[in-house]
Amino acid sequence: MTLEPGTFLFEAWTARFALMNGLWVTMTSSFFSIVLATLAGLLMGVVLSYAWWPLRLLARAYVDFMRGMPVLVLILFTYYGLAMFRINVPPYWAGVIALAAFATAHVAENLRGAVQSVPAGQMEAAKAIGLNFPKRIWYVIVPQAVRRVLPPWVNTCLEIVKGTTLLSVIGVVELLLASQQVIARNYMVIDFYLMAAMIYIVVNFSIAQLGALLERRFSYIRY
Amino acid sequence: MSDQVLLQARGVRKSFGTVEVLKGIDLDVRQGQVVSLIGASGSGKTTFLRCVNLLEEHDGGDILLDGDPIGYRVADGRRKRLSETKVSAQRARIGMVFQSFNLFPHLTAEGNVMLGLTKVLGKGKAEARDIAGHWLDRVGLGARRGHYPYQLSGGQQQRVAIARAVAMQPRLLLFDEVTSALDPELVAEVLGVMQKLAEEGMTMLVVSHEMLFVREVSHHVVFMDQGRVAQAGSPAEIFDRPENERLKGFLGRFHAMFGQAV
Amino acid sequence: MIQYYFDWSVIWRSWDKFMAALGLGLTLAVISLAAGTVIGLACAMARVYGPRWLSWPVWLYVEFIRNVPLLLLIFFVYFGLPELDISYLDKTQSFILTLSLYAGAYMTEVFRAGLASIPRQYMEAAKAIGMRPWQRQRYVIMPVMFRITLPAFSNNLISLFKDTSLAAAIAVPELTFVARQINANTFRVMESWLTASALYLITCYVIATALRLLERRYASIR
């Protein structure tokens, strides 16, 4: 196989560090967004399900707001908005915050659905043996809700990974922007976009596999 | 059997919206007694049971357990609702078995029994496991302690549910139509467990449509009709000498089904 | 925190631009949904009823689209097609093509699930009264499936409308692009983005409500 300038392999090898850097940024920004969104989403899901009604209303408004907004607008708004208030946040973190804020709404709404789908008899049985409210939630409702919330949660994770491409719009050099910068040098448009696409597919398939593994871990919960 | 009154209900009323389901229920359960509630569906039996365990809040009248009012305390001559913690503590003194079993699907049979022991009574894991093993043995499921609910038949699930309730050593055990969701061939194993408990002196308040069982095991039978106690008495009084017309009609349907056995 | 003085005059002066942008975004979404429905229906039928050799290219198409970020697809089509000497699409048409292919993959899954959820008895009942295969499709399967998949339609329309925001990345003058332009030209950050956000939210809400009414009309059939 020839490794001359102009061949895909040569160009890919030349650009390997740039691309790997991009992939690293994609992975870390996804990771931080997922962690933040999961923690905040769990909390907000409990608020949506059980909290005192004014709090619940607030959470509901937040969720509906986030679900009616394009992520890109959210990212741009966060980025320019923070900059305007002279809050010095690098684009990377502005993007992570916006993505997490968006995904929080999805995690919360999914959790609420999962909690609601646990049969009412479970709560009653938990009451009947004298468990108090936090214990009923923690030992009886949450384990069952987790199983139901897992598939949509994996989906949200995949959306986040794909959503990190939008950070390129505010100048974060993640995998897509890194690929574009490589393309700008060698004009191998199809090759490098296709390669980026393949990398996203591999990442997403891996996450889906991990998700399936986790789901199997919880598959003993049946009715 | 002692004469001490364990559960005392006086004028218990409960409405759902504009529908008055309980129109003043008076009822005593003495220590060690088995009291059965019979009546057509919609007569308020289940609602009364749920009020006793605070799954519903009664609107009027008193329910006293060991003399303490359930769900509220009286301060300055007015009722104050008990805190969540107090309500949970009261519930822990009353066991309940449900029509639909309501076993926790994410826990094994043993885990189901242990949950209340560890998280409510604060027992250690090892002790809780011993107690759970003991009671699962008693309901004939010692060998199934590691099974998840979906791996058990309906009758077995209901026996685990009974073990879960009894293991808490409640003062009173409530049974809410516990055999109604079971296939006919599985009813006997559950009733057998209940009968054994009754013979050992467990205080029980039972809602059931199993008239043979009610007649055999109860010390006292209460016939409820349209939210009231229409007639109450010993099994013999209720089944052999019914006075209330509605009770006669109600029993007539069972006689038609089972002949004169009931 | 720094004091911010709102000045909405910028927005009113560009109001026509916002409205045109909103109209464009909606148009893009509706066209893509229509095209995506056709693609999705064809692909779903191919997967469910078609020969085996047809089913894996469909699978490949669906999985590729669903796992590759939309923004990458947009760039891929916009910059990639000219490389293949297909250069008669302008940026808007190129975006419509991408979003249609994108919608097609998602609609394939929607229809496939819809077909799978139709009780077998319907098919058997249709056979029992002597319907021919195409009649069964036309008079029994399709009407039932469309009612089952109606909620997915509204969800997809809303998602697609939100996705039109990505057209800004190739300078299609829809809402996000206009908001960003006005932001850049006037430095009225809050005004431009609040306006864009509000327009997105209201539009999504209106679509959702309108389609829910439509669903209710057909809800009696289940």
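Buried area is the accessible area, taken with a 1.4 Å probe, that two parts lose on being put together, summed over both. With that in hand, let us walk through this predicted model, starting where chain C meets chain A. Between them these two chains bury about 3200 Å², and 79% of that area lies on carbon and sulfur atoms. Three residues stand out on the chain C side: C:Asn67, C:Leu72 and C:Trp193 supply 17% of the area that chain C buries against chain A, more than any other three residues. In terms of contacts, chain C brings 32 residues and chain A brings 36 residues.

What kinds of residues make up the side of chain C that touches chain A? They divide into 21 nonpolar, 6 polar and 5 charged. Across this interface the rule finds 0 salt bridges, while 6 residue pairs are in polar contact, with both partners at pLDDT 80 or more. If you would like to trace this side of chain C by its helices, look at H3 (52-67), H4 (70-83), H8 (175-186) and H9 (189-218), each of which supplies at least two residues. The largest share, 8 residues, comes from H9(C).

Now move to the other side of the story, where chain A meets chain B. Here 22 residues of chain A are in contact with 23 residues of chain B. The area buried between chain A and chain B is about 2100 Å², with carbon and sulfur atoms giving 63% of it. How many salt bridges are counted between chain A and chain B? The count is 2. One that you can pick out in the model joins B:Arg50 to A:Glu124, with the closest N and O atoms 2.5 Å apart. Between chain A and chain B there are also 8 residue pairs in polar contact, both residues being at pLDDT 80 or more. On the chain A side, helix H6 (120-128) and helix H7 (133-163) each supply at least two of the residues that touch chain B. By class, that side of chain A has 12 nonpolar, 5 polar and 5 charged residues.

From the contacts we can turn to the enclosed spaces. Rolling a probe the size of a water molecule over the atoms shows where empty space is left. A search of the whole structure finds 2 cavities of 30 Å³ or more.

The largest cavity has a volume of about 50 Å³. Its lining consists of B:Trp135, B:Arg138, B:Val139, B:Ile162, B:Val166, B:Val193, B:Lys196 and B:Leu197. Helices H4 (125-138), H5 (154-166) and H6 (184-199) of chain B each supply at least two residues of this lining, and H6(B) gives the most, with 3 residues. By class, the lining has 6 nonpolar, no polar and 2 charged residues.

The second largest cavity has a volume of about 40 Å³. Which residues line the second largest cavity? From chain A come A:Ala128 and A:Ile129, and from chain B come B:Arg91, B:Ala92, B:Ile94, B:Gly95, B:Met96, B:Ala165, B:Met168 and B:Pro170. Two elements of chain B, helix H2 (84-92) and strand E8 (94-97), give two or more residues to this lining. The largest share, 3 residues, comes from E8(B). By class, the lining of the second largest cavity has 8 nonpolar, 1 polar and 1 charged residues.

Methods. Residues are numbered from 1 along each chain as its sequence is written. Chains are lettered from A and ligands numbered from 1 in the order in which they are written. This is a predicted model: local features need pLDDT of at least 70, side-chain atom pairs count only at pLDDT 80 or more; totals for chains, interfaces and linings use all residues. Side-chain values use heavy atoms; hydrogens and water are left out. Contact means heavy atoms within 4.5 Å. A salt bridge is a side-chain nitrogen of Lys or Arg within 4 Å of a carboxyl oxygen of Asp or Glu. A polar contact is a pair of N or O atoms within 3.5 Å; within protein, one must be able to donate a hydrogen and the other to accept it, and residues adjacent in sequence count only if both atoms are side-chain atoms. Helices (H or I, at least four residues) and strands (E, at least two) are DSSP runs, numbered from the N terminus. Ala, Val, Leu, Ile, Met, Phe, Trp, Tyr, Cys and Pro count as nonpolar, Asp, Glu, Lys and Arg as charged, and the others, Gly among them, as polar. On a 1 Å grid over the protein atoms alone, a cavity is a set of points where a 1.4 Å probe fits but cannot get out, and a pocket is an open set with protein on both sides within 12 Å along at least five of seven lines; lining residues have an atom within 4 Å of a point. Grid points are joined across faces, edges and corners, and a volume is the space filled by probe spheres set on the points.
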